[in-house]
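Open your viewer, keep the selection panel handy, and follow along one stop at a time.

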Amino acid sequence: MTREEFMDLLRYYFRNINQTQVNEILADYESHFEEGKAAGLSEEEIARELGSPKEIFEMYQDEGMIREKKSTTFMDVASQAEKTASQTWEEVSAQLPEKVNHATHVMVKGFRIVCDVIAVLILGFTLLLVFLLSMQFQPVMGMDPLPVFSPITMGAFGFSGFFLALAVFFVGEEGKKIFEEKSVQREKTPSGDTDKEGEEQK
Amino acid sequence: MLVKCGGKVIFRERIDPMNIQLKKGVMEIVVLSMLQRKDFYGYELVTEISKYIEMSEGTIYPLLNRFKKDGLVETYLAESHSGPPRKYYRITKDGKVEYQESVREWIEFTKAVQKLLEENKKLSMSKGGQAE
């Protein structure tokens, strides 16, 4: 190839490299051509002896000599996005344990409240029913009044409702204890809760 | 593999990665050896080496640049009667130390290879087989 072709090709391979560096590098090859010309060689001969511009570029790469200039190819954007994403994740995940703890606490409180509410509702409902059924309540005018159940039936119903409410209430309490245990473990201090837990279960 | 062609040693072109590594290592010691003798400008160095070994002359420049980056070699400009000033390469103290080290390693390596080749030759002959 001619000198121009060689230099153009070389310039092409170095197109993404910092141009100040590239100019220095290209100057070496320009003077090589000059010297060769002065020695009487043809451009083709000189270019052939130099080898392939691609190989030259790769060698500069291997030696870690060249730095790419800033460009906005898709890959650059993608890798920049990836960097940002992983940085963000690191920041977030550092905060996560705290947040998880916090979230758990909120959940636990909520759970307890819900259980309490349900317990109260069941209790209320039971009482109401017991009361109404014992009074021969007429839900709607014109309908036959609800049958009267025997006191035993009513008693059984009442107690079932009462204990169901109590059970739900205790589930709420237990749930809270379990979560507290777990979060305490996370904070690396074993607590007396474990003992209480064991005792209650007995 | 090394091949002799018209009195010159040629590396069969590319592909074999070990060859390339070997070639790189060898070129380093060759270049330092030249510069250890005297200062050269690029074209002169390439021409001189080409008398003994055929290689892609273009790859000398990245090598010289790396030496410069590593402080083994430094450059200076000197006027030339036939045109623009030339960039000369001069070996540094560090470069000389590196060169001595490389020569030692090279001698050890080639000795070991030589020994191995002779051993195998001996063994293959004593087995009554054909000489390699």
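An axis here is a line fitted to C-alpha atoms, for helices over the stretch in contact, and angles run from 0 to 180 degrees between N-to-C directions. Helices (H or I, at least four residues) and strands (E, at least two) are DSSP runs, numbered from the N terminus.

This is a predicted model, in which local features need pLDDT of at least 70 and side-chain atom pairs count only at pLDDT 80 or more, while totals for chains, interfaces and linings use all residues. Residues are numbered from 1 along each chain as its sequence is written, chains are lettered from A and ligands numbered from 1 in the order in which they are written, and side-chain values use heavy atoms, with hydrogens and water left out.

**Stop 1: colour by confidence**

Colour both chains by pLDDT, the predictor's confidence in each residue, from 0 to 100. Chain A averages 80, with 78% of its residues scoring at least 70. Chain B averages 85, and there 81% of the residues reach at least 70. For the model as a whole, ipTM is 0.79 and pTM is 0.54.

Now select helix α1 (residues 3–13) of chain A, which has the highest mean pLDDT among the elements of that chain (95), and then helix α7 (residues 193–201) of chain A, which has the lowest (45). Over residues 189–202 of chain A the pLDDT is below 50, and this stretch has ten contacts in the model beyond near neighbours in sequence, a contact being heavy atoms within 4.5 Å. Where pLDDT is low, the predicted coordinates should not be read in detail. In chain B, strand β3 (residues 40–41) has the highest mean among the elements (96) and strand β1 (residues 2–5) the lowest (56).

**Stop 2: α1 and α2 of chain A**

Keep α1(A) on screen and add α2(A): their axes come within 11 Å and cross at roughly 170°. The pair is therefore roughly antiparallel (over 145 degrees; under 35 counts as roughly parallel, 65 to 115 as roughly perpendicular and the rest as oblique). Show side chains for A:R3, A:F6, A:M7, A:L10 and A:R11 of α1(A), and for A:L26, A:Y29, A:E30, A:F33 and A:E34 of α2(A), which make the contact.

**Stop 3: α2 and α3 of chain A**

Next, select helix α3 (residues 43–50) of chain A, whose axis lies 10 Å from that of α2(A) at an angle of about 130°. That angle makes the two helices oblique to each other. On the α2(A) side look for A:Y29, A:H32, A:F33, A:G36 and A:K37, which meet A:E43, A:I46, A:A47 and A:L50 in α3(A).

**Stop 4: across to chain B**

Which helix of chain B comes within 10 Å of α2(A), axis to axis? Select helix α3 (residues 60–69) of chain B: its axis and that of helix α2 (residues 19–38) of chain A cross at roughly 130°. The two are therefore oblique to each other. A:D28, A:Y29 and A:H32 touch B:Y61, B:P62 and B:N65 here.

**Stop 5: the whole interface**

Finally, select the full contact, with 19 residues from chain B and 18 residues from chain A. About 1800 Å² is buried between the chains, 53% of it from carbon and sulfur atoms; buried area is the accessible area (1.4 Å probe) that two parts lose on being put together, summed over both. In chain B, highlight B:Y43, B:Y61 and B:P62, which lose the most area to chain A, together 32% of what that side buries.
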